[in-house]
Amino acid sequence: MVAAVRDARHEEAGAIADLLSRAAFGPTVSRLVAFPRTSPHGDVLVAENGDGDGAALGAVCCVSFGATGWIGALGVAPEARRHGLGRALTEAAIARLHERGASTVLLFATDMGRPLYERLGFVIEGAATAWRGTAGAIPTGVQIRRLREDDRAAVGELDRGATGEDRSNLLEALHPLAGVAADRAGVLAGWAAKAPYGAGIAICAGDEEAGVALMAAAANGPAPATLVIPDANAAAMANLRRWGFRAANAGERMRLGPPVAWRPERQFGLFNLFWG
């Protein structure tokens, strides 16, 4: 059924977004695909129809952060499932990330996809859940202000400490650097930023007080906000429940390769269930 897994062509962007939407990612998936499609550090791969017309039956995205890489938005057209396309796409994405230098490959798995990834050697590291709601009052122990361009170096340092990864190519793509910062004694204690290609608000903090303050500042309405939180961040989860947020969807973080020094207690929000 599959002739080859190949790089997506530029003119296929709309067709791939439609395919992934039909594969259960919904109508907003085109925003998730935008970063790997346009970044020199990303790839969009398709499984091509084997009957000669070259039509894409499945697609997967991957983003390289050097020693680590992420796989996301893997989907197969409903009419083409159970023919090995998901495995072929996953193996091709792993190979591409290895070519780009990754020793560890990460992803968020749905219940449907997890058995495939386990067969390929991925191990579960913990879950993350997307929540919708409006936050309560902002704690007063830190000063909240707008993010500035001169915060970039400190933003990257906090991000590396929380993720164990060098995501500088992703953070540098955020122009302008819009969001809020938490200051303590003139030092950046945390930050919250929203990407144009993510469903959630990324929030990174060096301590619980700063993290909760940023959650409150970033999601205090008037419209409900989406916060994607590692389940292992007990302080964040407790405040979401206290504010009345409702769970929307979830995924299991899975790893292939050496463990990464990930600190979920410092992540109070993820960009999405794609690259974290």
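In the predicted model, the buried residues of helix 1 are Ile16, Ala17, Leu19, Leu20 and Ala23. When the helix is viewed down its axis, these buried residues fall within an arc of 160°, so they line one face of helix 1. On the other side of the helix, Gly14 and Ala15 are exposed. The buried residues pack against helix 2 (29–38) as well as against three strands, namely strand 2 (42–49), strand 3 (56–64) and strand 4 (68–76). Helix 1 itself comprises 13 residues, from 13 to 25, yet its end C-alpha atoms are only 15 Å apart, which falls short of the 18 Å that a straight helix would reach at 1.5 Å a residue. The helix is followed by Gly26, a residue with a positive phi, near 85°.

Leu20, one of the buried residues of helix 1, also belongs to the largest nonpolar core, which holds 40 residues and in which Leu20, Leu174, Trp191 and Trp275 touch the most other members. Helix 2 gives the most to this core, contributing four residues. With neighbours within four places in sequence left aside, the contacts of Leu20 are Phe25, Gly26, Val29, Val33, Ala59, Ala73, Leu74 and Gly75; Gly26 in this list is the residue of positive phi that follows helix 1. Another core, of 28 residues, lies apart from the one that includes Leu20, and among its members are Ala205, Ala217, Met237 and Trp243. In soluble globular proteins, nonpolar side chains tend to be buried together.

The largest pocket encloses about 1,300 Å³ of space and is lined by 42 residues, of which Ala23, Phe25, Leu74, Thr110 and Met112 lie nearest its centre. Ala23 is also one of the buried residues of helix 1, while Phe25 and Leu74 are among the contacts of Leu20. Strand 4, against which the buried residues of helix 1 pack, gives the most to the lining of this pocket, with six residues.

His41 is placed in the loop between helix 2 and strand 2. Its relative accessibility is 32%, and His41 therefore counts as partly exposed, since a residue would be buried under 20% and exposed over 50%. Neighbours within four places in sequence again being left aside, His41 is in contact with Cys62, Val63, Ser64, Arg100 and Asn169. By contrast, His41 and Phe245, which are 204 residues apart in sequence, are 34 Å apart in space from C-alpha to C-alpha.

Definitions and conventions:
Residues numbered from 1 in each chain as written. Predicted model: local features only at pLDDT ≥ 70, side-chain atom pairs only at ≥ 80, totals over all residues. Heavy atoms only, no water. Helix = DSSP H or I, 4+ residues; strand = E, 2+ residues; numbered from the N terminus. Expected span 1.5 Å × (residues − 1). Buried < 20%, exposed > 50% of the residue type's maximum accessible area, 1.4 Å probe, protein only. Arc of directions from axis to C-beta. Contact = heavy atoms within 4.5 Å. Core = buried A, V, L, I, M, F, W, Y, C linked by side-chain atoms within 4.5 Å. 1 Å grid on protein atoms, 1.4 Å probe; cavity = no way out; pocket = protein on both sides within 12 Å on 5 of 7 lines; lining within 4 Å. Points joined across faces, edges and corners; volume = space filled by probe spheres on them.
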